[in-house]
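Hi,

Here's the structure I said I'd pass along. Have a look at it first, and then my notes are underneath.

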Amino acid sequence: MASERTSQRGGFTLLEATVSLVILSLVGLAALGAVDRDLDAAIRSRTALESSALAADRLEAVRLVDAAGIASLPDSIAHGRFGPPFEAYSWNADARAVPGAPGLYDVRIEVTWTGGTRSLETWLYRSVPLSPGATP
């Protein structure tokens, strides 16, 4: 009987080792998937922040245009590409007079990049010169 006890060995069988490796692999894959989703979310957040800030920057450029130039925006304000480090982004700006509202313009800024677009819209007012003989 003593010889029977010494022939039995403790430890893992091949099946137990294989099952444990499969479980560890599944846990590792799940962790990598979570990291990948986090990285994608970070990239989307960065792009959203950059495109919003760039659209706001272009809106400020349109705000600087006087009443005579807003109806027909200069090319340098109407469209173009941003410089480094934002060369992946470009913009288009458009200002249209609002019918029936003298001096009021509907302004739309659109920032585009590969795979996306961000739009910013607002109204801007530019004072309309009074016609001769008119009272304020």
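**Salt bridges and the sheet**

There are six salt bridges in the structure. Keep in mind that this is a predicted model, so please read everything below in that light.

I'll start with the pair Arg96 and Asp94. Their side chains make a salt bridge, and the closest N and O atoms are 2.5 Å apart. How accessible are the two partners? Arg96 is exposed, at a relative accessible area of 56%, which puts it past the cut-off of over 50% for that label. Asp94 comes out as partly exposed, at 31% relative accessibility.

Next, Arg108, which turns up in two of the pairs I looked at. One is with Glu110, where the side chains meet at 3.1 Å, N to O. The other is with Glu121, at 2.9 Å, again N to O. That second pair links distant parts of the chain: Arg108 sits in strand E3 and Glu121 in strand E4, 13 residues apart. Because the salt bridges share partners, Arg108, Glu110 and Glu121 end up joined into one network.

Are the residues of that network buried or exposed? Each falls in between, as partly exposed: Glu110 has a relative accessible area of 24%, Arg108 is at 33%, and Glu121 is at 49%. Glu121 doesn't get the exposed label because that takes over 50%.

Now for the sheet that E3 and E4 belong to. It is open and has four strands in the order E1-E2-E3-E4, with antiparallel pairing. Which strands stand at the edges? Those are E1 (79-81) and E4 (116-125); each has a single partner strand, so one side of each has no neighbour in the sheet. From one strand to the next, the twist averages 15 degrees.

At the E1 end, E1 pairs with strand E2 (residues 90-97) in the antiparallel sense, over three bridges. If you want a spot to zoom in on, Gly80 has Trp91 in E2 as its bridge partner.

Finally, what packs on the sheet? That's helix H2 (residues 14-63), which touches E2, E3 (104-113) and E4. The direction of H2 makes about 145 degrees with that of E3.

To pull the two topics together: the Arg108 and Glu121 salt bridge runs between strands E3 and E4, and both of those strands are also touched by H2.

Cheers

Definitions and conventions
Residues are numbered from 1 along each chain as its sequence is written. This is a predicted model: local features need pLDDT of at least 70, side-chain atom pairs count only at pLDDT 80 or more; totals for chains, interfaces and linings use all residues. Side-chain values use heavy atoms; hydrogens and water are left out. Two strands pair if DSSP finds at least two bridges between them. Axes are lines fitted to C-alpha atoms, for helices over the stretch in contact, and angles run from 0 to 180 degrees between N-to-C directions. Contact means heavy atoms within 4.5 Å. A salt bridge is a side-chain nitrogen of Lys or Arg within 4 Å of a carboxyl oxygen of Asp or Glu. Buried means under 20% relative accessible area, exposed over 50%, partly exposed in between (1.4 Å probe, protein chains only).
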